Every structure is written in structure tokens, then in C-alpha cells.
Amino acid sequence: MAMNPRAWVTAIRDALRSMTRSSLMSLASIATVAVSLMVLAAVLLLALNLDFMAASVESEVQVKAYLCAVDDTDPTCNQQELTEDQKKIIVEEVLRIPGVKEVRFVSRDEALSQLNEEFGEHKDILEGLDGENPLRDSLDIQALDVQQVAGIAEAVRKIAGVSTVNYGQDYVNTLMAFTKAIRYGGIGLVLMLIVATVLTISNTIRLSVYARRREVGIMKLVGATDWYIRRPFMMEGILLGVFGALVAMGLTGYGYSKVVVYLTQKIPFWPVVRPEQVLMNQTLGLVVLGAVLGAVGSLISLRRFLKV
Amino acid sequence: MIQFVNVAKTYPNAHSPSLNGINLSIGRGEFVFVVGPSGAGKSTLMKLLYREELPSTGKVLLDGKDISRLRDSDVPYLRRQLGVIFQDFKLLPERTVFENVAFALECTDVSRREILRRVPASLELVGLRHKTHSRASELSGGEQQRVAVARAIVRNPVLVVADEPTGNLDPENSWAIMKLLTDINKMGATVVVATHAKNIVNDMKKRVVAIERGRVARDEERGTYGYES
Ligand SMILES: Nc1ncnc2c1ncn2[C@@H]1O[C@H](COP(=O)(O)OP(=O)(O)OP(=O)(O)O)[C@@H](O)[C@H]1O
Ligand SMILES: [Mg+2]
């Protein structure tokens, strides 16, 4: 498919001509490509964000232990307020666990003012509490290294007076499982949509070949090579794919920016991937993918309907 | 230059052969009329020449090479040495005269400069220079066929194959086209014309090959049409 610049121009011109001639089919193809690639982009963005969340949780080698309180229904608690002495004993017991680097007692009042700070300008959310403090006293336990976190959490959980224990790995595991599900489900869905896309494009090109069969016949008679004849049809498929990809990325980019703005407003410390970090690469990737799908779609059609 | 050696052609699903036992030799620079009743096999003979069809048995030699053995991918390069002309012109109606002729060159990656040189020369030869930028659909039948002739010769073909080129034209235009074909022949191209144009064949006194029921029934230098039309 040796191509001088003029041949490119001719092929693109013919492709655009053909697309405007069968504008409805072309629009349908572009829409199909756009929908498929939008779903793909959404899956990718979701997976990226879950990874990002996992990474930000994983970086904390901290175990959080909540202490029992009067209203705690946890069976290990006997629904009594812990005395200062009892709290001290718990801290000492934690310190005896191998691998613990340090323990910090965080009172419920301290926790509330911390939360106030984190919410920043959104602290009006907390005003609904009417001065009540729903939080618990807790212990921030630092491990010497990440490997020991799970063991430490297990040991802390057994101490009397400790209600619940959380640590990063818990979230990480759940997130990982979730990410995996999204990935596989997403890949399956995307594959199906890709097949549909290729078929739609191939059908569009078939109609396009049919509309230009006379011209194709004449081309053959005057000695055009197969590739010369296929060129504008390939170009048409590729352009359909690229246009679809651009529409998809336009909509995805707009939508994602809105979601990010919304999320960061509502939940200030939610870890999200910033749009500008990913959209450029994704657009490039999807445009290439769109072009490939278009080329494959037209090739399928040309093999079957353009016996040259 | 052209040799048919024991050529038979039976179309798929046809019960009898359209051509059978054809042995025919045409020299370089000859002008040959192919005549015969409708359905005799004239068009089939022509199709074998530009390799639209393959012979069922036998060989079709062009300059000693068996074109029925050509790989599909080499067929375009064979056709670039030929000019083909049809009864129905086979022009692209919504394109201009220039574009229609240039088409044959563009398809084969000839440079723009070469196209700008050759197309006007070719149109000059068929007397349509003044229609260069008219749309093909706006031309009369005779003019359209002259565009087709211009397209056929724009690459200086060694062989021009015309299947009933005057079938849709009035006598005057028919004569003009035949005159063009003899001009092309004088410039060196071998010309093979299948036709029902009795008067023209009789007047021109060229070699006449008559096909009847798929066989060569007659082959005469300075021959005549020989059928009532
Ligand atoms: N594609 C085809 N498939 C099957 N049979 C065909 C095909 N083309 C031609 N034939 C048959 O072959 C025979 C010869 O046809 P051909 O077109 O060569 O005749 P012709 O001499 O050109 O006739 P005309 O003067 O009417 O153009 C006819 O009987 C025709 O029905
Ligand atoms: Mg015929």
C-alpha cells in the first residue's frame, strides 16, 4: 500500500464523500464506536481509581483499634464505660505485642476535632450532630513493618475492652477483589461491544462498496490494484473509528471531570485520579483503538464483498 | 501478438460452451473486426483478452505470455497495457471529463504532472478539449464514448479492445468512433473491435473474424460483415 501524499488526500476525500452520502449509516457506526469506547473508558477510569485508592490505603502501616463504650453492642464489650485505668492497661497490653512500634491514644473529643479539621470548609456537615459526639476512643498503633500489620491487628482484637480493629490491608483486600470483578466484568462487556462495533463498521463499509460498485468495476478495468481500490474504504472505516473515539472521549472527559468535582466537593479527602492525569493518554489510546477497529471492520467487509 | 490456442470457455452453470476450439492469431498493429450473431461468443472472446474471464481449456497468449496463468495480483498490470471500450461507455457520470480520463492514470499512481500533460493530449485527439470540465452526464452519447476512447488511450496501450463501441450510437457518431479507432491503430496500437455495425465493417475493408456458435466460422483479410443486420 505505497502511499504518496496525494493518494492519501484522494483516499480521505473519497472516504468523506462516501460517509456524507450514507450519513445515517455513518452516524450509526460512529455512535456504536462511541458507546463501546465510552464503556471501555469508564471501566478503565473505575479500575484506575480503585487502584489509586488501594495504593493510598496501603501506604498506611497503621492499625486502628476502637475501644468499647456504653452503647457498644459488640459481644466482647460489656456495655460499660471503660475507666482511665482500664484504658491504660489496654495500651500497655498493646505495647507488649511484638512488632508494635508505638501506640497513641486518641480520645473521642480529639477524634471529633480532627474530623472537623479534615472537613475544612464543609464542617457544617458536622453541625447536624447537635453537640453530640458519636465517635469512640481509639488507639493508633504503628507497626514496625507492613508484614506484621495483620498479626498485630489479630492480637489487638483479642484484648478485653477492644471493640473493633481496622487496618489498611482490610480495605486493600476488599478493593482488590472489587477491582478484579470490575476488570473481568468490564473486559467481557467491552469485548462484546467491540465485536458489535466491528460488525457495524463492516456493514457500513459493505453498503459503501455497494454504492460505489460501478466505480470499483471501472477501477478494476483500468488496472487499479486491490490495495488502491481498498484504500478509500479502509480510510472510511478508520475515520469512522477515530470519530467515534473522539466523541467517546469528549463525553467521557466531560462526564469524568464533573464526577471528580462532585466527589471532591462532597467527600473532600476521597482519593480520586485527577482527570488531567489520565485523559490525554486515554484519548490517544482510544483513538488508536478506534482506528484499528475501523480498519479491521472494513477489511472484513472488503475480503467478503470486494473480490478483486 | 495475440494467440488463442484451442480455447474453450464454458460458463459455470451453462450446459453448452460459449466458445469452443478457438484458434486465432492476431499480429502486432493489426485492426480486426469480430462479427457474428447475437450470443455467438464475441463478448466472451473479448473478456478473455482483458482477463475478465479465464478460458476453461486452452491458452490465451499475449506477447507469448499465457495471460490465463497470470496471478490475480498481476492482472492490474496486464490491464494497464490495454485500453478497453464498451457499449455503455462505463464513465463516472457525476465526474468531469477530465476526471474520468485522469481516473485511469490516478489508479496507477502516475504523477500529477504527467496526468496534466497526458489527459489534455488525449482529449485533443478525440476532439473534446473544449469539454474538459463538463460533467460526463451532460455529454451526448457520442461525446461520452469519445471520452471513453480518450480514457482507453491515455496510457498508450499496446492493445485496444472494444466490445460494440458503437452499439448505442447513431451512424454519424459510430463513424466518428471507428475513425478514432483506426487513428489509434495507425499510431501503433493493435485494435480488436466486436461489432454489429454492418455498413462500417463493409466500408472499412479490414480483417474480419466471424464467430458462430462459439467457433471461428470465417477469417478474412479485407473481409465483409456477411450477415443481414
Ligand atoms: N456470465 C455468463 N454466465 C453464463 N453464460 C453466459 C455468461 N456470459 C455469456 N454467457 C452465454 O455465452 C454465450 C455467448 O455470449 P456472449 O456475450 O459472448 O455473446 P455475444 O456474441 O457477445 O452476443 P451479442 O452480440 O448479443 O453481444 C451466450 O449464450 C450467453 O448466454
Ligand atoms: Mg456481446
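This passage describes a nonpolar surface patch in chain A and an open sheet in chain B of a predicted model.

In chain A, a nonpolar patch of about 510 Å² lies on the surface. The residues that make the patch are A:Trp8, A:Val9, A:Ile12, A:Leu16, A:Phe243 and A:Leu246. Two helices of chain A, α1 (5-21) and α9 (226-266), each supply at least two residues of this patch. Of the contributing elements, α1(A) gives the most, with 4 residues. One of the patch residues, A:Leu16, is found in helix α1 of chain A. The relative accessible area of A:Leu16 is 37%, and this residue is therefore classed as partly exposed, the range for that class lying between the limits of under 20% for buried and over 50% for exposed.

In chain B, 6 strands form an open sheet with mixed pairing. The strand order across this sheet is β6-β7-β8-β3-β9-β10. At its edges are β6 (82-86) and β10 (215-220) of chain B, each of which pairs on one side only. From one strand to the next, the twist averages 15°.

Within the sheet of chain B, strand β3 (residues 31-35) and strand β9 (residues 207-212) run parallel and are joined by 4 bridges. The bridge partner of B:Val34 in β9(B) is B:Val209.

Note on methods
Residues are numbered from 1 along each chain as its sequence is written. Chains are lettered from A and ligands numbered from 1 in the order in which they are written. This is a predicted model: local features need pLDDT of at least 70, side-chain atom pairs count only at pLDDT 80 or more; totals for chains, interfaces and linings use all residues. Side-chain values use heavy atoms; hydrogens and water are left out. Patches are made of residues with over 30% relative accessible area and no salt bridge: like charges are joined within 9 Å, nonpolar side chains (Val, Leu, Ile, Met, Phe, Trp, Tyr) within 5 Å. Accessible areas come from the Shrake-Rupley method with a 1.4 Å probe; for residues, only the protein chains shown count as cover. A salt bridge is a side-chain nitrogen of Lys or Arg within 4 Å of a carboxyl oxygen of Asp or Glu. Buried means under 20% relative accessible area, exposed over 50%, partly exposed in between (1.4 Å probe, protein chains only). Two strands pair if DSSP finds at least two bridges between them. Axes are lines fitted to C-alpha atoms, for helices over the stretch in contact, and angles run from 0 to 180 degrees between N-to-C directions.
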